[in-house]
Amino acid sequence: MLFLFYTLLIFCIIGSIIAIEARNILASVISAGVVGMALSILFLFLGAPDIAITQVVVEIIVLIVLIRSTVSLDNTAITKHRDTFAILSSLIFFGLFLVFAFMAFQGLPTFGEPIMSVGRQYLENSVNQTGASNVVMGILMDYRAYDTLGEATVIFTAILGAFVVLRAKGKKKKEESDKIRVGIPEKEDLPMSLDQIETSSDSTS
Amino acid sequence: MEGMTFIVKTTTKLLIGIIFLFGIYITFYGHLTPGGGFAGGIMLACGMILMTLAFGKRMSLGKLSDFYASLLDNLGAFTFWTIAMLGYIGGYFFMNFIEKSNPFGLLSSGTILTINIAIGVKVFASVFAVFMALTIFGRFVSGLISEDED
C-alpha cells in the first residue's frame, strides 16, 4: 500500500514540474489536470471518498474552464532566461522551508493514528446526535456548519465579482459614454480664463 | 451549425439525463453516502457545461439564462442563511430543529438534507454562471471591440 502512495506522490510531483516547465499552455493545463486526478486516486486509497469525489469533479470543471478560456488566447512562450538571483533566492527559501517542515513534522502523530479526542468524540456520537450516517456530512453540516456558511459566502462573493468584472454590457449607453473625453482636452473644451470671461461679459452687457 | 458534430450531440443526448440524475442523487443522499451538496452541484453544472459545449450557447442559455443563474445563486445562499436563522426557534444559530428519525433513512438527519439541497442549487447555478461569464461574455466583448474597429 505504501508503495502505491509513493508512486502516486512521485507522479504528482512529476506532473506539476511538467505543468510549470511546458512551453505550450494547453499541455501545461492538461498536466495540471493529471495531477488532480492522481491526487483524487490518492484520496480514495487513503479512505476519504468524499474528498475524492469533490476533487474529481472540481478537477474536471477547472480543466474544462481553463482549456475553454485559455486556448483562444494568443499563446506566447517565454524565451527570456530567468534571473540568477531569483533562482538562487527561491532555492534558499525552499531549503529553509524543507528544514523547518522536517522539524515541524517530527511532532505530528504517526500516519493513520489520530490522538485527538475531538475526532473520537465525533466518530462515536455523530450518528446519534446528528442522524447522518455519513460522519463527514454530519461534521460539515451540523458541528461545523459555520465553516460551510463561510465557504458558501466566499463562493457567492467570488461569483458576484466575476459577474461584475466580466459582464458584457456596461451600465451607460455608448453615446453617453462617448461624450466624456479622456486624455488631453481640445482648446475649445478648456474652461475659459478669467479675463476672457470678463471681456465676454463686458461685450454682452 | 452551432456546437459540435452529430456524434457528440447524440452521445450528449444519451448521457445528459444520467448525469443530472447522478448529480441530484449525490446531492440528496449526501448524508448517507459520500458526496454532498458541493459535489452534486458541480456535477449538475458539468451537465449544463456539456450541453453548452455540444449544442452551443444558445440552447443552454435558453434552458438557464445568466439572469436566472444569478437568481438561483442568490436563492441558494438565502435559503442556507434562512435555515441557519430558523435554528433560533429552537434555541441557537444552526440548530438542527427538524426532528430526526432512525438512521440510514432519507429524512433521518433533519436540516442536513435541506442545507445540502440549498448548497447544491447554489453551487450549480454559480459554477454554470461563472463558466458562462469566463467563456461567452469574453467572446461578446471581443466581438463588440472588433465591431467598433470596423
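**Two helical chains and how they meet**

Q: In this predicted model, is I117(B) buried, partly exposed or exposed?
A: Let's start with the relative accessible area of I117(B), which is 28%. Buried residues lie under 20% and exposed ones over 50%, with partly exposed in between. The value of 28% therefore makes I117(B) partly exposed.

Q: I117(B) and F28(B) lie 89 residues apart in sequence, but how far apart are they in space, C-alpha to C-alpha?
A: I117(B) belongs to helix α5 of chain B. Leaving aside neighbours within four places in sequence, I117(B) is in contact with T27(B) and F28(B). Across those 89 residues of sequence, the C-alpha to C-alpha distance between I117(B) and F28(B) is 6.7 Å.

Q: What pattern does chain B follow when read along the sequence?
A: Chain B holds 5 helices and 0 strands. With helices written as α, reading along the sequence gives α-α-α-α-α.

Q: What share of the 150 residues in chain B is buried?
A: Chain B exposes about 7600 Å², and carbon and sulfur atoms supply 72% of that area. Counting residues instead, the buried share of the 150 in chain B is 45%.

Q: And what share of the 205 residues in chain A is buried?
A: Chain A has 9 helices and 0 strands. Its accessible surface comes to about 15600 Å², with 69% belonging to carbon and sulfur atoms. Among the 205 residues of chain A, the buried share is 21%.

Q: Of the contacts in chain A with a separation of 6 or more, what percentage joins residues 24 or more positions apart?
A: It helps to look at chain B alongside, where residues 24 or more positions apart account for 64% of the contacts with a separation of 6 or more. For chain A, that percentage is 45%.

Q: How many residues of chain B are in contact with chain A?
A: A contact here needs heavy atoms within 4.5 Å. On one side, chain A brings 39 residues to the meeting. On the other side, the number from chain B is 50.

Q: About how much area is buried between chain A and chain B?
A: The size of an interface is often given as the accessible area lost when the parts come together. Between chain A and chain B, carbon and sulfur atoms give 75% of that area. The whole buried area is about 3800 Å².

Q: Which three residues of chain A supply more of the area that chain A buries against chain B than any other three?
A: Together, the three supply 16% of the area that chain A buries against chain B. They are R68(A), M141(A) and F163(A).

Q: How many nonpolar residues are on the side of chain A that touches chain B?
A: Helices α3 (49-70), α5 (117-130), α6 (135-143) and α7 (145-166) of chain A each supply at least two residues of this side. Sorted by class, this side has 10 polar and 6 charged residues. The nonpolar count is 23.

Q: How many salt bridges does the rule find across the interface of chain A and chain B?
A: Polar contacts do cross between the chains, with a count of 6 residue pairs. For salt bridges across the interface of chain A and chain B, the count is 0.

Q: Which two residues have side chains that meet in a salt bridge?
A: Over all chains, the rule counts 1 salt bridge. Its N to O distance is 3.0 Å, within the 4 Å that the rule requires. The pair links helix α4 (residues 66-86) and helix α5 of chain B, 49 residues apart. The two residues are D73(B) and K122(B).

Q: Is K122(B) buried or exposed?
A: K122(B) lies in helix α5 (residues 111-149) of chain B. Beyond its close sequence neighbours, within four places, K122(B) is in contact with residues including A152(A), I155(A) and F156(A). Its relative accessible area is 2%, under the 20% limit, so K122(B) counts as buried.

Q: What is the relative accessible area of D73(B)?
A: D73(B) touches F156(A) and I159(A), among other residues. D73(B) is buried, and its relative accessible area is 4%.

Q: In which loop is G131(A) found?
A: At 3% relative accessibility, G131(A) counts as buried. Beyond neighbours within four places in sequence, its contacts include K100(B), P103(B), S108(B) and S109(B). G131(A) is found in the loop between α5 and α6 of chain A.

Notes:
Residues numbered from 1 in each chain as written. Chains lettered and ligands numbered in written order. Predicted model: local features only at pLDDT ≥ 70, side-chain atom pairs only at ≥ 80, totals over all residues. Heavy atoms only, no water. Buried area = accessible area lost by both parts, 1.4 Å probe. Polar contact = N/O pair within 3.5 Å; in protein donor to acceptor, adjacent residues only side chain to side chain. Helix = DSSP H or I, 4+ residues; strand = E, 2+ residues; numbered from the N terminus. Nonpolar A, V, L, I, M, F, W, Y, C, P; charged D, E, K, R; others polar. Buried < 20%, exposed > 50% of the residue type's maximum accessible area, 1.4 Å probe, protein only. Areas by Shrake-Rupley, 256 points an atom, 1.4 Å probe, with all protein chains shown as cover.
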